[in-house]
Amino acid sequence: MANLRIELKKSLNGRLDNHIATAKSLGLHKIGNVTVQPDNPQTRGKIAKIGYLLKVTEE
């Protein structure tokens with residue numbers, strides 16, 4: 001199964017609480033943080049919710 005490399009590109013300041021919680025559940029806390037997550041429906045759902053804050057590439 002493929003993995004997704006997810007990078008936080010925009011600040012979490014002033015965002016909705018549930019968007020901040022979604023970013024933290026992905027392991028993203030500061031701009032520039034990178035995490036590698038499995039490509040599954042749960043991860044895709046989180047990306048869909050806060051995709052405007054992220055840069056996503058496949059590994």
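## A tour of the salt bridges

Begin by selecting Arg44 and Asp39, whose side chains form a salt bridge in which the closest N and O atoms are 2.8 Å apart. Keep in mind while looking at this pair that the model is predicted. With Arg44 still selected, turn on the surface: Arg44 has a relative accessible area of 38% and is therefore partly exposed. This pair belongs to a total of four salt bridges that the structure holds.

Next, select Arg5, Glu7 and Lys9 together, since these residues are linked in a network of salt bridges. Which residue meets the side chain of Arg5 in a salt bridge? Glu7 does, and a distance drawn from N to O for this pair comes to 3.9 Å. Moving the selection to Lys9, you will find that Lys9 also forms a salt bridge with Glu7, and here the closest N and O atoms are 3.9 Å apart.

Now stay with the network and colour its members by accessibility. Is Glu7 buried or exposed? The relative accessibility of Glu7 is 15%, which lies under the 20% cut-off, so Glu7 counts as buried. Arg5, by contrast, has a relative accessibility of 30% and so counts as partly exposed, and Lys9, at 44%, likewise counts as partly exposed. To end the tour, keep Glu7 in the centre of the view with both partners shown, Arg5 and Lys9, so that the buried state of Glu7 can be set beside the partly exposed states of Arg5 and Lys9.

Technical notes. Residues numbered from 1 in each chain as written. Predicted model: local features only at pLDDT ≥ 70, side-chain atom pairs only at ≥ 80, totals over all residues. Heavy atoms only, no water. Buried < 20%, exposed > 50% of the residue type's maximum accessible area, 1.4 Å probe, protein only.
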